[in-house]
Amino acid sequence: MVRLNKIYTRTGDDGTTGLGSGARRRKDDLRVEAYGTVDEANAAIGLARLSSADEIELDAMLSAIQNDLFDLGADLCTPPTDTPLPYEPLRIVEAQVDRLEREIDRLNAGLAPLRSFVLPGGAKAAASLHLARTIARRAERLMVALAAAEPVGAPALKYVNRLSDFLFVAARYVNHKAGDGGGGDVLWVPGANR
């Protein structure tokens, strides 16, 4: 159980932060950037949920993803090490990736195949989900860069890759449900404004 009795500690005033292992890193360290961007994606999903709360099934999926993203942040803030820790670090597991894939397939099942790239937009909830998707992609880029420099779990990398796929399909799903009521995917028309 997490217990936060005091919000400010002053330990970060020197520009460093503590990892789950107790080690200190600069706040602009690639690992800190990665899990900070995961947190940003989580906040964007929370904002998107305000516009999609009437979609009960989707909202439940997004709620589970928000919890997963805290798991992912915990995974990233505790680098793998050969030195035993006094606790079992929380890691993203394949079952979380598998669940996300099943949910992508479920949402995608009723959607028409794409015939063009999709511009972020349509229904308000869809636009918010597209924004969350782009933040998730940035988190993925940072995690890939981090993995080139130090260990990152394979399930964590898979999860963040599937997350942006999920958010893309979820945005299309919301637009599909919105239909003619001002929703619908906004398709790219190459060279339309030349």
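I count two residues as in contact when heavy atoms lie within 4.5 Å. The model I am reading is predicted.

**Entry 1: the chain as a whole**

I began with contacts along the protein chain. Among those between residues at least 6 apart in sequence, 71% join residues at least 24 apart. Next I looked up the secondary structure. I found 5 helices and 4 strands. Their order along the sequence is β-β-α-α-α-β-α-α-β. I then checked burial. Of the 194 residues in the protein chain, 40% are buried.

**Entry 2: helix α5**

I tested the length of helix α5, residues 154-178. It has 25 residues, and at 1.5 Å a residue it should span 36 Å. Its end C-alpha atoms are 36 Å apart, so the two values agree. I also looked just past the helix. There G179 takes a positive phi of about 50°.

**Entry 3: salt bridges**

How many salt bridges does a search of the whole structure find? It finds 13. I followed several of them.

D59 pairs with R49, with the closest N and O atoms 2.8 Å apart. This pair links distant parts of the chain: D59 sits in helix α2 and R49 in helix α1 (residues 30-52), 10 residues apart. Is D59 buried or exposed? Its relative accessibility is 17%, so D59 counts as buried, the cut-off being under 20%.

K177 and E55 meet at 3.8 Å, N to O, in another salt bridge. K177 belongs to helix α5 and E55 to the loop between α1 and α2, 122 residues apart. I compared the two ends. K177 is partly exposed at 49% relative accessibility. E55 is buried at 17%.

R137 and D165 form a salt bridge at 3.3 Å, N to O. Here helix α4 (residues 124-149) supplies R137 and helix α5 supplies D165, 28 residues apart. R137 is partly exposed at 27% relative accessibility. D165 is partly exposed too, at 29%.

I also noted a network of salt bridges that links D68, R99 and E103.

**Entry 4: D71, a charge without a bridge**

I turned to D71, which lies in helix α2 (residues 56-76). D71 is buried, yet it has no salt bridge. Which side chain of opposite charge is nearest to D71? It is R99, and it is 7.4 Å away. A salt bridge needs a side-chain nitrogen within 4 Å of a carboxyl oxygen, so I leave D71 and R99 unpaired.

What does the side chain of D71 make a polar contact with? I found the side chain of Q96, at 3.1 Å. Setting aside residues up to four places away in sequence, D71 touches L90, I92 and Q96.

**Entry 5: D105 and F166**

D105 lies in helix α3. I checked its surface: D105 is exposed, with a relative accessible area of 54%. I then took its distance to F166. The two are 61 residues apart in sequence, but 9.0 Å apart in space, C-alpha to C-alpha.

**Entry 6: aromatic rings**

I searched for aromatic pairs and the count came to 1. F117 and W188 form it. Their ring centres are 5.7 Å apart. The planes meet at 50°, and the pair is tilted. Where do the two residues of the pair lie? F117 is in the loop between α3 (94-108) and β3 (118-119), and W188 is in the segment after β4 (186-187). They are 71 residues apart, and the pair links distant parts of the chain.

I closed with their surface values. F117 is exposed, with a relative accessible area of 62%. W188 is partly exposed at 39% relative accessibility.

How values were computed: Residues numbered from 1 in each chain as written. Predicted model: local features only at pLDDT ≥ 70, side-chain atom pairs only at ≥ 80, totals over all residues. Heavy atoms only, no water. Phe/Tyr/Trp six-rings, centres within 6.5 Å; stacked < 30°, edge-to-face > 60°. Buried < 20%, exposed > 50% of the residue type's maximum accessible area, 1.4 Å probe, protein only. Expected span 1.5 Å × (residues − 1). Lys, Arg positive; Asp, Glu negative; His and termini not counted. Polar contact = N/O pair within 3.5 Å; in protein donor to acceptor, adjacent residues only side chain to side chain.
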